[in-house]
Amino acid sequence: MPAKTPAPRDNSTTPPVPPPRRPGRARLADRLAHLHGDEAPRPLLDAAENAQFRAVRRFGAAGAILMAIAALGAGAQPVLQNPITGLRVLGLPARMPAVALTLGITGTVMVMLAWLMLGRFVIGNFVTHDAPRRLSRPQLDHTLLLWIAPLLVAPPMFSRDVYSYLAQSEIAARGLDPYALGPAQALGVDHVLARTVPNIWRATPAPYGPLFLWMGEGIASITGYNIVAGILLHRALAVAGVLMIIWALPRLARRCGVDPVIALWLGAANPLLIFHLVAGVHNEALMIGMMVVGVEVALKAIEGTAPLRGRALLLLLAGCMIIVLSATIKIPSILALGFVGMALARRWGRGFISMAAAAMLLAVLAAAGIAAASLASGLGFGWVNTLGTANAVRSWMSIPTLLGLGTGQVGVLLGLGDHTTAILNVTRPIAAVVAAIIVIRMLFATHAGRLHPVGALGVSLAAMVFLFPVVQPWYLLWALIPLAAWATRPVFRIPAIAISAIISVILMPNGGEYEPWVIVQAVFGVFLILGVLVAVLRRRPVWREALPVFHKPAPSA
């Protein structure tokens, strides 16, 4: 048998050629794409889990009722025309501030805990997302309605912005320019609608778009100087925005392959939405609601199989126009139009030519919609000059502002003087540039098909929120609601759940400050009440699975 000839050795010293590196934009998009994964449906809850779910739902409803009662004394009540002033029973919480604050904080913590416990019936284990069975959509809708209902008739909580809405709407109703005059200048310092406006906003013009002030002008013409009626009608606008979110969010979730119940639980049933958009009466509800409705309507046409003509073309134009009108509530939602445009350009599939054509089409729609809202309202284009009004606030949740404030304080401690303002003038523009770069990269990732438009929009809004000069707790919902319909991995959901739970309970119910001794008394009372609740509930079988942290199972024989 002949000997086998050994294979020749490669004695060359040339190193192997590494695989080509993908551009940075692609690598970032690929990392972000890992936040998403399709979710399979699950069977409904069994009888034992339904009993536990009903107990959790009642627990959250009890917390919402406590919040509504506490708002009579610890809410953001008006200085004048307070309807409970002098009443024996309803006016009692106002005469006991420490007790009212205790009830308010206890209620918010109860709703937040109920939301977390409800998550067990939605995503199962927060770390593994292992849910053998899942809540049904009607069960979640009824729960959300039950938790919101007590707050619909309660005084405003966590913010006094609604009083700015009332004053600015009255300025517009008088035929004056709310983009040039503040409430104190236009109405007078002692006017009934200006008295409750926070001091920082009494002399500042309106930072809101013309469509919102046009709606407020209609409310002012109906209610006049009646503060309670004005608050209720502005809350009706906020509830309309929440209903839009509830309509659009599950549809966007199905479009992205995400379970709609999980998306609604994380987005619409989130305590931040209940506390700040409903109880706090913020116009973000209307802005976000119109934005997600517009995105859903536009994507229905773009991602459909029908040619873009006839009904499909009407859907595309209607969706884009709804997004544009949402920007005339508050301007950040205009960002959604760019991602709809990139999805449209991807469908056309002609590279930069399709991007330019989509940009031209959407620019014409945006210009037409903004001009129509500005001219039809009679308010003109002065709102463009007041978009930076909120920058007067120094928010610790804003990364560039936090860096500026921290660096300024270090300078004070080192004896170098307070240079906070000068540092903010550096950190804020840099943050704006970084946010713009992230948004541009997300736009191109959408056009390349590496990210879904909904997910890329959520990531861009998150970058814009955290790099914004001013960040309020409810601003987190700008990004959280689109991301709830797309991002499914624990690396996103666990921080989102934790941040929502923590931020939802750290603000004072009156939207202002309390004396330190009142806060100490209230916090002590909250711990006492919650301790008693846990001690009582943990002994009931129905709560043993709902409160696994406080229940230690018996050792097996």
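Contact here means heavy atoms within 4.5 Å. This is a predicted model: local features need pLDDT of at least 70, side-chain atom pairs count only at pLDDT 80 or more, and totals for chains, interfaces and linings use all residues. Residues are numbered from 1 along each chain as its sequence is written, and side-chain values use heavy atoms, with hydrogens and water left out.

**View 1. The whole protein has 22 helices and 0 strands.** Helices (H or I, at least four residues) and strands (E, at least two) are DSSP runs, numbered from the N terminus. Among contacts between residues at least 6 apart in sequence, 77% join residues at least 24 apart. Of the 557 residues, 52% count as buried, meaning under 20% relative accessible area (1.4 Å probe, protein chains only). The accessible surface (Shrake-Rupley, 1.4 Å probe) comes to about 25400 Å². Carbon and sulfur atoms hold 68% of that surface.

**View 2. The largest nonpolar core has 157 residues.** Such a core is a set of buried Ala, Val, Leu, Ile, Met, Phe, Trp, Tyr and Cys residues joined through side-chain atoms within 4.5 Å. Leu118, Leu135, Trp265, Ile288 and Val295 have the most contacts inside the core. Helix α12 (residues 284-302) gives the largest share of this core, 14 residues.

**View 3. Leu118 touches Leu135 and Trp265.** Its other partners are Phe53, Val56, Leu140, Thr143 and Trp147. Residues up to four places away in sequence are not counted.

**View 4. Thr223 is found in helix α8 (residues 210-223).** Thr223 counts as buried because its relative accessibility is 14%. Leaving aside neighbours within four places in sequence, Thr223 contacts Ala229, Gly230 and Leu233.

Notes. Buried < 20%, exposed > 50% of the residue type's maximum accessible area, 1.4 Å probe, protein only.
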